[in-house]
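Student: I am new to this structure and would like a close look at a single part of it. Could you pick up a pair of helices and then show me what surrounds them?

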Amino acid sequence: MPSLEEELFPSTPGKFKDRNRHFHRCFASTSTMFLWALFLIAITASYLCFQSFMDTGNRYFSATWGGHHWEKQVRTSAQIHRSNGMSVLVTGAAGFVGSHVSLALKKRGDGVVGLDNFNNYYDPSLKKARKNLLNNHNIFIIEGDINDMRMLTKLFEIVRFTHVMHLAAQAGVRYALENPGSYVHSNIAGLVTLLEACKNANPQPAVVWASSSSVYGLNEKVPFSESDRTDQPASLYAATKKAGEEITHTYNHIYGLSITGLRFFTVYGPWGRPDMAYFSFTRNILQGKPITVYRGKNRVDLARDFTYIDDVVKGCIGSLDTSGKSTGSGGKKRGPAPYRIFNLGNTSPVTVPMMVGILEKHLKVKAKKNFVEMPGNGDVPFTHANISSARKEFGYKPTTDLQTGLKKFVKWYLSYYGYNQGKSVK
Ligand SMILES: NC(=O)c1ccc[n+]([C@@H]2O[C@H](COP(=O)([O-])OP(=O)(O)OC[C@H]3O[C@@H](n4cnc5c(N)ncnc54)[C@H](O)[C@@H]3O)[C@@H](O)[C@H]2O)c1
C-alpha cells in the first residue's frame with residue numbers, strides 16, 4: 001500500500017505518468033464541478049431575480065384579470081339599463097369618492113365597471129368593504145393597476161366605454177414625504193397609461209378626472225377661481241395633480257380626447273378616507289387619544305372648504321353628463337374636443353377648530369387638543385372655492401353644510417366600527 005508520501009510524490013516516472021493522468025482527471029473533474037457550481041449559482045440567481053420581478057409586478061399588476069368568467073363579469077357590469085345611458089369605467093372605484101360615484105351611476109341605470117389596485121396606503125379592509133357594497137349593487141370591480149396597459153387594452157376591447165371617471169390616484173399631501181414614488185407611479189405614469197388606452201380606444205371615451213384644490217398651492221387670492229395661477233404647488237401631491245392637468249391638455253390637443261378636470265375641495269362623508277383629519281380625529285376622540293391641531297403663522301387657524309360627498313358626486317355626474325364627445329378614433333384627432341376644468345367646493349370655509357367642535361358635539365365626547373404650528377410639509381393655510389363655472393355649466397350647487405355632513409359621517413362611523421353594537425367610547 002503506497003504511503004501518503006508516495007501518493008503525493010511517485011517513486012517511478014511511470015508511476016508519475018499514471019499519477020499525472022490521475023491528477024489531470026482530478027483536475028478535469030474539479031473544473032467540471034466548478035462549472036456545474038457556476039451553472040447552479042446562475043440558475044439560482046435567475047430564479048431569485050425572476051421571483052423579485054414577479055413580486056414587484058404583482059404589487060402593481062395583479063394577475064386576477066382575464067378569462068371567460070372575468071370577461072362575462074365585466075360585460076354584465078357595463079350593461080346600461082336606461083335609454084341614453086352611459087357605460088363608465090370608474091378608476092379608484094374602491095376608494096372613497098369612486099365608490100360613491102359608482103353607486104350613484106348604477107342607481108340611475110348607467111353601466112359601471114370599477115378598477116382599483118387596493119393598495120395599502122390606508123386600511124385595505126375598508127376598500128374591500130366598499131367593494132362588497134358595490135358588488136351588492138351588481139358593480140364589478142377589477143383588481144388591477146392603471147399602469148397595466150395589457151389589462152386596459154383588453155378592457156376597452158370588451159366594452160365600448162362612453163366615459164371614463166378617473167379617480168384612482170395616490171392621495172394625501174404628507175405621505176409624499178415618505179413615499180414620493182407612489183405619486184409618480186399613480187398620478188403621472190398611471191395617468192399617461194390610462195390616457196394612452198383611452199386615446200387608442202375606438203370609440204374614444206370622454207374622460208372626467210379628479211385634479212385637486214391643492215393646485216392653487218401658495219395662491220392667496222380668495223376665493224380660488226379656475227383662472228387663478230396654479231404654478232406654485234406646495235407639495236409633491238399638488239405638483240402631480242398640476243402635471244395631470246397639463247398632461248390631459250396634451251391628450252386633448254393631439255388626440256381629441258374630451259377632458260374635464262375637477263378640482264375637489266376637502267371631500268368628507270360616510271365611507272371616507274381614514275388619513276383625513278376629520279376621520280382620524282373621530283377615531284382618536286372616541287379612543288380617548290389626543291389630536292394634533294395645526295395652526296398657521298401667528299396662531300392663525302387653518303380653514304378648509306369642506307365639501308360633502310353627495311355634493312361632489314352630483315358635480316361628478318353633472319360633469320359626465322355635459323362632457324361632450326371625444327373626436328378622435330384609432331389614435332387620430334378628427335376635430336377639437338372640449339377641455340374643461342371646474343372647482344367642486346362648498347364656498348364656505350370652516351376653521352379646523354370649528355370642525356373639531358362639531359365632531360365633539362356629534363360624538364358627545366370632548367377632544368384632547370394639542371395645538372401645534374403647521375410644519376412645512378405641504379399643507380396650505382386655507383382653501384376656498386369659487387364654483388360659479390360649475391354652476392353655470394351643469395347647475396352645480398352644494399347643499400350640505402359641515403354640521404349636517406359631519407352628523408351623517410359620525411352616524412356611519414359609529415355603525416361601521418361597531419360602536420352601536422356595544423363597543424364603548426373611551
Ligand atoms: N377626498 C378628497 O378630499 C380629495 C380632494 C382633492 C382631490 N381628490 C382626488 O380625488 C380622487 C379620489 O380620492 P379619494 O378621496 O376617493 O381617495 P382614495 O384613496 O379613497 O381613492 C383612490 C383609490 O385609487 C386606488 N388607486 C391608487 N392608485 C392606483 C393605481 N395605480 N391603480 C389602480 N388603483 C389605484 C386606491 O386603491 C384607492 O382605492 C383622487 O384622485 C384624489 O387625488 C380627493
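Tutor: Happy to! Let's start where two helices touch: Ser99, Ser102 and Leu103 in helix 4 meet Arg130, Leu133 and Leu134 in helix 5. Keep in mind as you look that this is a predicted model. Helix 4 covers residues 96-107 and helix 5 covers residues 124-136, and their axes come within 10 Å, crossing at roughly 5 degrees. Angles under 35 degrees count as roughly parallel, so helix 4 is roughly parallel to helix 5.

Now let's move out to the sheet. Seven strands form an open sheet, and its order is 3-2-1-4-5-6-11, with parallel pairing. Strand 3 (140-143) and strand 11 (339-344) stand at the edges; each has a single partner strand, so one side of each is left without a neighbour in the sheet. On average, neighbouring strands of this sheet are turned by 20 degrees against each other, direction ignored.

For a closer view of one pairing, find strand 1 (residues 87-91) and strand 4 (residues 163-166), which pair in the parallel sense over four bridges. Here valine 90 stands opposite methionine 165 in strand 4. Helix 8 (residues 236-255) packs on the sheet, where it touches strand 5 (206-210), strand 6 (259-264) and strand 11. The direction of helix 8 makes about 165 degrees with that of strand 6.

Another helix worth following is helix 7, residues 180-200. Helix 7 has 21 residues and reaches 29 Å from its first C-alpha to its last, close to the 30 Å expected at 1.5 Å a residue. Along the way there is a kink of about 35 degrees, centred on glycine 190. That glycine is also one of the buried residues of helix 7, a list including Tyr183, Ser186, Asn187, Leu191 and Leu194. Towards the end of the helix, Ala197, Cys198 and Lys199 are buried as well. The buried residues of helix 7 pack against strand 1, strand 4 and strand 5, and also against helix 6 (149-158) and helix 8. So you meet strand 1 and strand 4 again here, the pair joined by four bridges.

Finally, step back to the whole chain. The protein chain has 13 helices and 13 strands, and buried residues make up 41% of its 426 residues. Among the contacts with a separation of 6 or more, 81% are between residues 24 or more positions apart.

Note on methods: Residues are numbered from 1 along each chain as its sequence is written. This is a predicted model: local features need pLDDT of at least 70, side-chain atom pairs count only at pLDDT 80 or more; totals for chains, interfaces and linings use all residues. A residue is buried if 20 or more other C-beta atoms lie within 10 Å of its own, exposed if 12 or fewer, and partly exposed in between; C-beta atoms are placed from the backbone. Two residues are in contact if their C-beta atoms, placed from the backbone, lie within 7 Å. Two strands pair if DSSP finds at least two bridges between them. Axes are lines fitted to C-alpha atoms, for helices over the stretch in contact, and angles run from 0 to 180 degrees between N-to-C directions. The expected span of a helix is 1.5 Å times one less than its number of residues. The bend at a residue is the angle between axes fitted to the seven residues ending there and the seven starting there. Angles under 35 degrees count as roughly parallel, over 145 as roughly antiparallel, 65 to 115 as roughly perpendicular and the rest as oblique.
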